[in-house]
Amino acid sequence: MGRLSFRTKLQLVLVSFALVLIGSALFAVRHATVTAVRDKIEHDFEQTRTILAQQTKAQIAALEDALATALGDPLFRSQLGEASARADETGLEEEAPPERSSIKEAHEVFSSADLPLMNRYPGFAVLNVDGQRVFSKAAPARFGDNMSRTPIVAAVKERGRALQLFEPKGGAHGNGLVADGEQTSAYLLLARAVQSGARTLGYVVIAEGLTEFMAQLERSSGAHVGFSVEGGGVVASNGASTAIVRELAAIAGLTADKVVSVDLGGEPHLVLATTLVDADGAALGRAFFARSYRAEVGRLLGRLDLALLLALALSLAASVPIAAFLARRMTVPLKSLEQAARQLESGDFSAHASVTSEDELGRVGRAFNAMMVALRERNIDRLTGAYNRRHLIDALEAQILRSDTLGAPVSLMLLDLDHFRALNEKYGRAAGDAVLKAVTRLCHDSCKPGDVLARYADDELVILLQDQDGQAAETRAKALQVQIAAREIAVGKERIKCTITASVVERDPRWPSAHDLLRALDRALYAAKTGDRNRVVKAA
């Protein structure tokens, strides 16, 4: 990096900064995407839970209405009483073969009946007063065989009805929900007693299937939907989700009505567990919604990453010219400042930094230019534009110090305009000023790098020559003498010619200091002006 230019370094910094910004934006967008997916899943869960609660209540109400209607039907009550009485006469146990008892006759009573209740619901069963199955008609066929009938009868006796979640295949549980992972149909079961006065004739059980509804919920929510109860049985909408619901049912600490993140099968899932209740607030079981969001996030991020990569490529393509533009906006003013500083270092107080921006760099440039104005006012003669006597002495002392260090020669030439007072009287002071400025320009044009031109007195100019001896100074002074004498200076309509008398001096042990050199220069000029003018005299 040390050999790179400032502009290149600045471009690299700007491009790096752009990459950092783009990377931060990518991270923020990805994080926002994951958060948005989670929020959407939680919103879907809330909607699904609301639909499930409403549907459960609607199904319970439909079951209640259907049983109430059936129990008010005299034909149904008569058939139930006759079948229950025939079953009671035998006293047979539940496992007794139907063909060896009058239960067969009771079964035939309902088999020959065309009851709307029996035809409407896929699960229908009749129990006698002891809880024995008198009749069952269901799809699947073993609905009546696998019902946990004793808790049903106990619940009806205690609360007037039995309302349970029920899985018709597998081992029975005390709460009425059974499952073995093979059968995934589920029913909402309702049982009521049939009374004749104070006498209980038997019990009617109907069940509404939930499988199709669960599948609809799963399709609409995109989640695994299932139920579980305390006995450990689980029901899911499909075979794949049965294992997930069973795993969820075994996880302790799943809080109802709160979405949590759970690792299932090696993938993160969002899970909502909620309790299903009946109209009286009694718990029927728990419902689970589990949804993996990795694939969904992956799909969104895949499309997003493609868009972001395109945006990154475009940003990088745009950042290079932008960085070049910004670098130019900075390096051009800096280069101007550098050049102006070098001019000032060489003693040129006309240096000016071309900085027009309003930023910090612009303020530095304007401060530099203001400093140059102050330096010019302090060191520049306003009339001629040459340095003043103060700056001449400072520059001369610096040259002497340099000479002592490097052994370089130090020479001076002093030029005086001949008969300048008479010129002012003849043509006017303005004309004299114009002639003085013209002569100053000629002297300035003759200067070499490192030379210092200064106005020494009213009509006197001094040139400090860098690294040149007295012989070179005398030669240059004579060249200036000839050039000035040959020049006509236009002042208005006048053409004025003038001459100069000059003295030169080279520093040697006789004149070691700046004061000694200037005094020797003055004495030599005075001696030259006492004789013939328009000549060059070397201090002796």
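So, Gln399: it sits in helix H11, which covers residues 389–406. This is a predicted model, by the way, so keep that in mind throughout. Is Gln399 buried or exposed? It counts as buried, because its relative accessibility is 8% and the cut-off for buried is under 20%. And what does Gln399 touch, once we leave aside its neighbours within four places in sequence? The contacts are Val410, Gly450, Leu464 and Gln466.

Two of those names lead us on to strands. Val410 falls in strand E11, residues 410–417, and Leu464 and Gln466 fall in strand E13, residues 460–466. Let's stay with E13 for a moment. Strand E13 runs antiparallel to strand E12, and five bridges join them. If you want one pair to click on, take Arg455, whose bridge partner in E13 is Leu461. E12 and E13 make a hairpin, with two residues between the strands. Strand E12 itself spans residues 452–457, and it is largely enclosed by the rest of the structure, because five of its six residues are buried.

Now follow E13 out of its far end. The loop between E13 and helix H14, residues 470–486, holds Asp467. Asp467 has a phi near 60°, which is positive, and this is a residue other than glycine. For background, most residues other than glycine have a negative phi. Asp467 is partly exposed, with a relative accessible area of 35%.

There's another one like that to look at, His419. You'll find His419 in the loop that goes from strand E11 to helix H12, residues 420–427. Its phi is positive, about 55°, and again His419 is not a glycine. How exposed is His419? Its relative accessible area is 52%, and the cut-off for exposed is over 50%, so His419 counts as exposed.

Next, a second hairpin. Strand E14, residues 488–491, pairs with strand E15, residues 494–497, in the antiparallel sense, over four bridges. Two residues separate E14 from E15, and in the turn Gly492 has a positive phi of about 65°. Which side chains of E14 are buried? They alternate: Ile489 and Val491 point to one face and are buried, while Glu488 and Ala490 point to the other face and are not. Ile489 also has a bridge partner over in E15, namely Ile496.

Okay, over to a different helix. Asn369 lies in helix H10, residues 360–379. Asn369 is buried, with a relative accessible area of 11%. Setting aside neighbours within four places in sequence, Asn369 is in contact with His352 and Ala353. There's also a distance for this residue: the C-alpha atoms of Asn369 and Ser350 are separated by 9.7 Å, with their positions 19 residues apart along the chain.

For contrast, go to Asp532, which sits in the loop between helix H15, residues 514–530, and strand E17, residues 536–538. Asp532 is exposed, at 62% relative accessible area. From C-alpha to C-alpha, Asp532 and Thr501 are 9.0 Å apart in space, and they are 31 residues apart in sequence.

Now, empty space. Rolling a probe the size of a water molecule over the atoms shows where empty space is left. How many cavities of 30 Å³ or more does the structure hold? Just one. The space in that cavity comes to about 50 Å³. Its lining has 10 residues, and Leu52, Thr56, Gln59, Leu210 and Phe227 lie nearest the centre. Helix H1, residues 6–71, gives the most to the lining, with four residues. By class, the lining has seven nonpolar residues, three polar ones and no charged ones.

Let me finish with the whole chain. There are 15 helices and 17 strands. Of the 540 residues, 44% are buried. If you take the contacts with a separation of 6 or more, residues 24 or more positions apart account for 59% of them. And for the surface, the chain exposes about 27400 Å², with 54% of that supplied by carbon and sulfur atoms.

Conventions: Residues are numbered from 1 along each chain as its sequence is written. This is a predicted model: local features need pLDDT of at least 70, side-chain atom pairs count only at pLDDT 80 or more; totals for chains, interfaces and linings use all residues. Side-chain values use heavy atoms; hydrogens and water are left out. Buried means under 20% relative accessible area, exposed over 50%, partly exposed in between (1.4 Å probe, protein chains only). On a 1 Å grid over the protein atoms alone, a cavity is a set of points where a 1.4 Å probe fits but cannot get out, and a pocket is an open set with protein on both sides within 12 Å along at least five of seven lines; lining residues have an atom within 4 Å of a point. Grid points are joined across faces, edges and corners, and a volume is the space filled by probe spheres set on the points. Ala, Val, Leu, Ile, Met, Phe, Trp, Tyr, Cys and Pro count as nonpolar, Asp, Glu, Lys and Arg as charged, and the others, Gly among them, as polar. Two strands pair if DSSP finds at least two bridges between them. Contact means heavy atoms within 4.5 Å. Accessible areas come from the Shrake-Rupley method with a 1.4 Å probe; for residues, only the protein chains shown count as cover.
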